[in-house]
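Here is a quick tour of some packing details, with aromatic rings up front and then cores and helices. Have the sequence and the model open as you read.

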Amino acid sequence: MKSCVLIGIGMGNTASLSEEARLAMQHAPLVAGADRMMQAVAPFVQGKTLVTYESQKIAAAFAEYAGTDQIPCAVFSGDTGFYSGATTLRTLLETDGWQVTVVPGISTAQYLSAQIGKPWQDWHLVSAHGTDTNLGIALSYSPKTFFLTGGAVTVRSIAQFLLDHEAEAVLTVGSHLGATEELIFSASPAEILSRTDYDESLSCALVERMLPDVPHGALSDAFFVRNVDSASVKIVPMTKQFVRAAILSLLAVRDGETVWDIGAGTGAVSVDIAHTAHCAVHAVEYKEEACNLIRQNCAKAGLLNLEVVCNRAPECLSDLPAPNAVFVGGSEGELRPILRAAKEKNPACRIVVSCLTMETLSEIQSASAALGCDYEAVQISVSQSKQAGAYHLMTAQNPVWLVKLQ
């Protein structure tokens, strides 16, 4: 039998190690782990040591003890089940026939929770270690988001993102948790940027925000701000609620996807998508007054995963990340190059185009043929009741075609 133990050492403070973990390390012929972890557990190690974080090297070193009654160990920071390298190593070892025992440790989130006296069951947990983290998407899941920082995502970058998006938030920062240099403090994003008394390389952050109570799905037309300013009577056109509901259904946006909304107007479609799915939405609109409305409606919904691109399409589309889904609400005569730009970025992207006229519908048909796409067209006619004295009459909206390119 090949047996080994994978151990989570928590914050690296030996006082928080479980007795099971101590005994396993004391009796192990070999203890392997990254440098910082090995330094933390040095008092308990009596056998050989291997300083590495690479799973393949650890598995190769363990092979020496296969078929013996000796049980090697590997140690990991935090908890073995919380964004830990233990997962990769366990899979590798079990595939090779090892019986793996896992001894969990105290995670960074658990430790910070205990220190600040706040439960963590409603935190959204994010690790930026070795991942391409989109802060807007990460912050869209919950009013309380916990970050294991790393790479480009630092405490300062989180604070700067919140400031750039004018988001009211409180950050609780934990630096060198469990060590003698431990520092925990709470501050606004602006205050965070002015502080230099913490180590960003060994810090975590809890972001807490107050979010408006906004339902998911297509929001009511009354929710959206449409006046350019309080003194203006100009109303920016907007896709109506029940048409937006159909657009959401046709686009079928999934969590983590990237979405373009071309000709975003008031941003109603963008807001609905960004609030319904944990995705990255780019609202493209060249009219400055409309861009201001999108920003207002985005702030009203408490969204951080919606970016306003105040520029013309298709010229600006080459600078955007490849889309998984595209909605074209307005094209200003540039429909063909917009569709071409989307398909060049991602040939598999889903595209929905809305049109009010038969001429636009004909243009979509010919454009889809030129792109080698099939299409499906749906006409939506909506009538809503409106009170007229003691009676209710049905008031019709303009019919809309929604065309999905596949």
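## Aromatic rings

Phe223 and Phe224 are both buried. This is a predicted model, by the way. What is the total of aromatic pairs in the structure? The count comes to 6. One of them joins Phe82 and Tyr83, an edge-to-face pair at 5.0 Å centre to centre with 65° between the planes. The rings of Phe223 and Phe224 are also worth a look: their centres sit 5.2 Å apart and their planes stand at 85°, so this pair is edge-to-face.

Back at Phe82 and Tyr83, buried or exposed? Phe82 has a relative accessible area of 12%, which is under the 20% cut-off, so Phe82 counts as buried. Tyr83 comes out at 48%, so Tyr83 is partly exposed. These two residues belong to one aromatic cluster together with Trp123 and Phe146.

## Nonpolar cores

As a general backdrop, nonpolar side chains in soluble globular proteins tend to be buried together. Here the largest nonpolar core has 36 residues, and the members touching the most others are Leu251, Val253, Ile273, Leu306 and Leu402. Two or more residues each come from α9 (241-251), α10 (268-276), β12 (280-284), α11 (288-300), β14 (325-328) and β19 (400-405). Which element gives the most to this core? That would be α9, with 6 residues.

Leu402 is a good place to zoom in. Leaving aside residues up to four places away in sequence, Leu402 touches Val243, Ala246, Ile247 and Leu250, along with Val352, Val353, Ser354, Glu376, Ala377, Val378 and Ile380. There is also a second, separate core of 26 residues, and its members include Val309, Ala341, Cys355 and Leu361.

## Helices α12 and α13

Two packed helices are described by the angle between their axes and the distance between the axes. For helix α12 (residues 335-345) and helix α13 (residues 358-371), the axes come within 10 Å and cross at roughly 35°. The crossing of α12 past α13 is right-handed.

Which residues of α12 and α13 meet? On the α12 side you have Leu335, Arg336, Leu339, Arg340 and Lys343. Across from them, α13 brings in Glu363, Ile364, Ser366, Ala367, Ala370 and Leu371. Sorted by class, this α12 contact with α13 holds 6 nonpolar, 1 polar and 4 charged residues.

Conventions:
Residues numbered from 1 in each chain as written. Predicted model: local features only at pLDDT ≥ 70, side-chain atom pairs only at ≥ 80, totals over all residues. Heavy atoms only, no water. Axes fitted to C-alpha atoms, helices over the stretch in contact; angles between N-to-C directions. Helix = DSSP H or I, 4+ residues; strand = E, 2+ residues; numbered from the N terminus. Left-handed = near helix turned anticlockwise from the far one by under 90°. Contact = heavy atoms within 4.5 Å. Nonpolar A, V, L, I, M, F, W, Y, C, P; charged D, E, K, R; others polar. Core = buried A, V, L, I, M, F, W, Y, C linked by side-chain atoms within 4.5 Å. Buried < 20%, exposed > 50% of the residue type's maximum accessible area, 1.4 Å probe, protein only. Phe/Tyr/Trp six-rings, centres within 6.5 Å; stacked < 30°, edge-to-face > 60°.
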